[in-house]
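Me: I am new to this structure and would like to understand the words used for its aromatic rings. Could you take me through the reasoning?

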Amino acid sequence: MTALHALALAGPTASGKSALAMQLAAVLPLEIVSVDSALVYRGMDIGTAKPSAAERAQVPHHLIDILEPTDAYSAAQFAADARRLIAEINARGRLALLVGGTMLYFKALIDGLDALPPADPAVRAALEARAAAEGWPALHEELRRIDPTTAARLAPNDAQRIQRALEVWQLSGRPLSDHHGQATSAGLPLRLVALEPVSRAWLHRRIAERFDAMLAAGLIDEVRALRARGDLHPRLPSMRCVGYRQAWEALDNDALGPLREQGIAATRQLAKRQLTWLRSMQRETIACDSGGDLLAPLRAQLPEFG
């Protein structure tokens, strides 16, 4: 093992990360740390493909069901929690396996946090007012002109990150991408292994199958229950998660017919952004669509973990 006794396993949605993590847990003493900005929320199980109760009983999982959907969770909070958990897991004599697809979290932990201006409530309120009048796609287009590098990584309706990028620009006079590499905290030298498909068609098929399974498992009813709480709204980070945002809008418009295609399309865009992030990071890759056993190449690349 490395000195940290930790390994990061990343990949786009539906690439098989969770299944491979469970296979590795069958042969190594490990605990899983979720690197997923949606799995932190309680009551969001189906649309996040949350590990089952049986899987969580079989292998300890961390950073799952730690917040209410009304709460926010930042990359800085994740990095602090992950550092603490790695130390605690190592103290128990076990490997910390960090698994997920929120690449910003991986970057914050591995590369350190960028030196950014703190949040400004007045600037954020002004941006939200503009978004209410013009729509987030219009602000995304503005960001594309100011900071094309950051805009390319964000969906036109990724309100939270578009807002932050424009806030940084307004407060510092510099695009968010210019701040990268000016870390205020040191990163952890984790080894990153990425599951990446050779065939985009393979991933698209997996995405469609998984979204169909979510619909069959009751995604729409899950979102109905979340709406019925009365304390949630579609601007919250939790409700902007892929699948939940599309289902909320479908229920708002009483138009469930297009939901399947909209959800699949949004998930494809998410996977595309995840792969863009991965290509910018130092990593070792495994072709997740090879059709063979992925555990063997993983252990072959990482003999010190065996």
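Reply: Happily! Let's start with a charge and a ring in this predicted model: the charged end of R227 sits over the ring of W248, 5.0 Å from the ring centre.

Me: How do you know that the distance for R227 and W248 fits the term?

Reply: The limit for such a charge is 6 Å from the ring centre, and R227 is at 5.0 Å. R153 also lies over a ring face, that of W277, at 4.3 Å from the centre.

Me: How many aromatic pairs are there?

Reply: There are two aromatic pairs.

Me: Why is the pair of Y73 and Y105 called edge-to-face?

Reply: Edge-to-face needs planes over 60 degrees apart. The planes of Y73 and Y105 stand at 80°, with centres 6.0 Å apart, so the pair is edge-to-face. Y73 is in the loop between strand 3 and helix 3, and Y105 is in helix 4, 32 residues apart.

Me: What makes Y73 and Y105 count as buried?

Reply: Buried means under 20% relative accessible area. Y73 has 9%, so Y73 counts as buried. Y105 has 3%, so Y105 is buried too.

Me: And why is the pair of F78 and Y105 called stacked?

Reply: Stacked rings have planes under 30 degrees apart. For F78 and Y105 the angle is 15° and the centres are 4.8 Å apart, so this pair is stacked. F78 lies in helix 3 and Y105 in helix 4, so the pair ties together parts 27 residues apart in sequence.

Me: What links Y73, F78 and Y105 into a cluster?

Reply: Ring pairs do: they join Y73, F78 and Y105.

Methods
Residues numbered from 1 in each chain as written. Predicted model: local features only at pLDDT ≥ 70, side-chain atom pairs only at ≥ 80, totals over all residues. Heavy atoms only, no water. Phe/Tyr/Trp six-rings, centres within 6.5 Å; stacked < 30°, edge-to-face > 60°. Helix = DSSP H or I, 4+ residues; strand = E, 2+ residues; numbered from the N terminus. Buried < 20%, exposed > 50% of the residue type's maximum accessible area, 1.4 Å probe, protein only. Lys NZ or Arg CZ within 6 Å of the ring centre and 35° of its normal.
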